[in-house]
Amino acid sequence: MESRAGELIPEESVGVAPEIVEKALEQATGKLIDEIMKVRGLISDVRRAIESRADLLRIGRASEPEQLCYLSVDSGFTAPSVELVGGYLGIIIVATVLYGSRCGRSSVDSKLYAKLWFNEDLTEGVAKYYERLTARRLLEEKSKGRLSFDVLLLDGEIVPRGFASRTAGGEDVLSRTVEVTGEVLRLADKTDTAVVGVLKRSYSRDIVNILGFHKLRLSDKAVLSLVLSPGEYLVAGNHIDIYNELLRLREKPGVNRRWLETRIRWYESLVNNMPEGYAVKLAFYRAHRTIYPTSTKIEYVTSDSLDEDELISSLMHVSAGSGIPAPIDYADVFSAVTRELRQTAYQKLLAEVAKRASGESRDILSLLSLMNPEKLMHIIG
């Protein structure tokens, strides 16, 4: 930039100065440290409270792991979908990984789905539906003797909840996913297969509130990361147990009523979606040799061949590094929807429509224009 006198004036730097970032983070850092110190001061109290609730909670220590074969199923999808003038283009990849010393061989497989919705983006719900369809197909293969594995691993919950939009289309996807999940659990029972859902992102505060620590604002996952030692796990009952405990909290003082009623409604939906005849249990574990000292939350159904101690101990054994079972980490990598894939799918859609619509393609292609080109070009361009 040049001044009127012809002198050069340095241009102002673009971006945010480091000292501004540091100042902005001071409050957040202090808030987090204060809460962690509060929990640290209560670790022994939390542990005693857990031990006093032997009817619901149990701390165990990992035993020698079983040598197992794991089959993991995970999906990746566009979030958000590619927003077009005429609707939503959703791209879904479902990946499966066969992993473990008892598998005989390791394998990876993936399948791609492309869907177009006119009025609502149902990609997340449909991705879960395709995960369940894939799990059902693989269990059917096992029942016919064409495939062998001991544990079915799902990335996320076993019992579907929380993804369907409050529309007819969203509810329909949810109901179909619930139905297929029931078939998955029945096939797993028939084929002597344990089923585990790995919940990577969990901010629930059910256990800390059930134990009476209502003023703690950290999640169960965060608190148990401090309470459990490496190699320990906490079995926390099943979903119906937790739901009943939350109902009892209505009679307790000191509970955040807004949080409690919201959580009870959420659990009512979960319990209503539970396949009849199956109790899905919850647990947290801290694996050895992880990069970060955090606990992992799972929900599971055991098999005739594996009780919960054997199952959790074996999961911990294959969870070094991230704390997440390795087969799930691998499936997550292979199900990633990349920018290049988005671009290819979008360009193929344009080409296919132009080829099949012939003389009317100009009007149709206008409906396939990007809704917000400036926002989306960096995603698919």
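**Exercise 1. The loop between strands 2 and 3**

Task: In this predicted model, find where Pro 80 lies and state which geometry the peptide bond from Ala 79 to Pro 80 has.

Solution.
Step 1. Pro 80 sits in the loop that runs between strand 2 (70-77) and strand 3 (82-84).
Step 2. The bond from Ala 79 into Pro 80 has an omega near 5°.
Step 3. This peptide bond is therefore assigned as cis.

**Exercise 2. Positive phi outside glycine**

Task: For Asp 192 and Arg 289, give the phi angle, then locate each residue and classify its accessibility.

Solution.
Step 1. Asp 192 is not a glycine, yet has a positive phi of about 60°.
Step 2. The loop that holds Asp 192 lies between helix 3 (168-190) and strand 7 (194-199).
Step 3. Buried means under 20% relative accessible area and exposed over 50%. Asp 192 has 26%, so Asp 192 is partly exposed.
Step 4. Arg 289, also not a glycine, has a positive phi of about 55°.
Step 5. Arg 289 is placed in the loop between strand 9 (281-285) and strand 10 (296-301).
Step 6. With a relative accessible area of 64%, Arg 289 is exposed.

**Exercise 3. A nonpolar surface patch**

Task: Which residues make the nonpolar surface patch of about 380 Å², and which element gives the largest share?

Solution.
Step 1. The patch is made by Val 108, Tyr 330, Val 333 and Phe 334.
Step 2. Helix 9 (residues 326-334) gives the largest share, three residues.
Step 3. Tyr 330 is in helix 9. Its relative accessibility is 40%, so Tyr 330 counts as partly exposed.

**Exercise 4. Strand 8 and its partners**

Task: Decide whether strand 8 (residues 232-238) is mostly covered or open, and describe how strand 8 pairs with strand 1 and strand 9.

Solution.
Step 1. Seven of the seven residues of strand 8 are buried, and the strand is mostly covered.
Step 2. Strand 1 (residues 58-61) runs antiparallel to strand 8 and is joined to it by four bridges. In this pairing Arg 61 stands opposite Glu 232.
Step 3. Strand 9 also pairs with strand 8 in the antiparallel sense, over four bridges. Here Tyr 233 stands opposite Tyr 285 in strand 9.

**Exercise 5. The buried face of helix 6**

Task: Which residues of helix 6 (residues 239-248) are buried, how are they arranged around the axis, and what covers them?

Solution.
Step 1. The buried residues are His 239, Ile 242, Tyr 243, Glu 245 and Leu 246.
Step 2. Viewed down the axis of helix 6, these buried residues fall within an arc of 160°, so they line one face of the helix.
Step 3. The cover includes helix 4 (206-210), strand 8, helix 7 (257-272), strand 9 and strand 10.

**Exercise 6. Salt bridges across the chain and within a helix**

Task: How many salt bridges are counted? For the pairs of Glu 232, Lys 200 and Arg 176, give the partner, the distance between the closest N and O atoms, and the accessibility of the residues.

Solution.
Step 1. A pair counts when a side-chain nitrogen of Lys or Arg is within 4 Å of a carboxyl oxygen of Asp or Glu. By this rule the count is 22 salt bridges.
Step 2. Glu 232 pairs with Arg 47, with the closest N and O atoms 2.7 Å apart. The pair links distant parts of the chain, since Glu 232 is in strand 8 and Arg 47 in helix 1 (residues 18-52), 185 residues apart. Glu 232 is buried at 8% relative accessible area, whereas Arg 47 is partly exposed at 21%.
Step 3. Lys 200 pairs with Asp 155, the closest N and O atoms being 3.1 Å apart. Lys 200 is in the loop between strand 7 and helix 4 and Asp 155 is in strand 6 (residues 151-155), so this salt bridge ties together parts 45 residues apart in sequence. Lys 200 is partly exposed at 23%, and Asp 155 is buried at 10%.
Step 4. Arg 176 pairs with Asp 172, with 3.4 Å between the closest N and O atoms. Both are in helix 3, four residues apart, so about one helical turn separates them. Arg 176, at 32%, is partly exposed, and Asp 172, at 39%, is partly exposed.

**Exercise 7. A salt-bridge network**

Task: Which residues are linked with Glu 232 in a network of salt bridges?

Solution.
Step 1. The network links Glu 232 with Arg 47, Glu 51 and Arg 61.
Step 2. Within this set, Arg 61 also stands opposite Glu 232 in the strand pairing.

Notes
Residues numbered from 1 in each chain as written. Predicted model: local features only at pLDDT ≥ 70, side-chain atom pairs only at ≥ 80, totals over all residues. Heavy atoms only, no water. Helix = DSSP H or I, 4+ residues; strand = E, 2+ residues; numbered from the N terminus. Buried < 20%, exposed > 50% of the residue type's maximum accessible area, 1.4 Å probe, protein only. Patch = residues over 30% accessible without salt bridge, like charges linked within 9 Å, V, L, I, M, F, W, Y side chains within 5 Å. Areas by Shrake-Rupley, 256 points an atom, 1.4 Å probe, with all protein chains shown as cover. Pairing = 2+ DSSP bridges. Arc of directions from axis to C-beta. Contact = heavy atoms within 4.5 Å.
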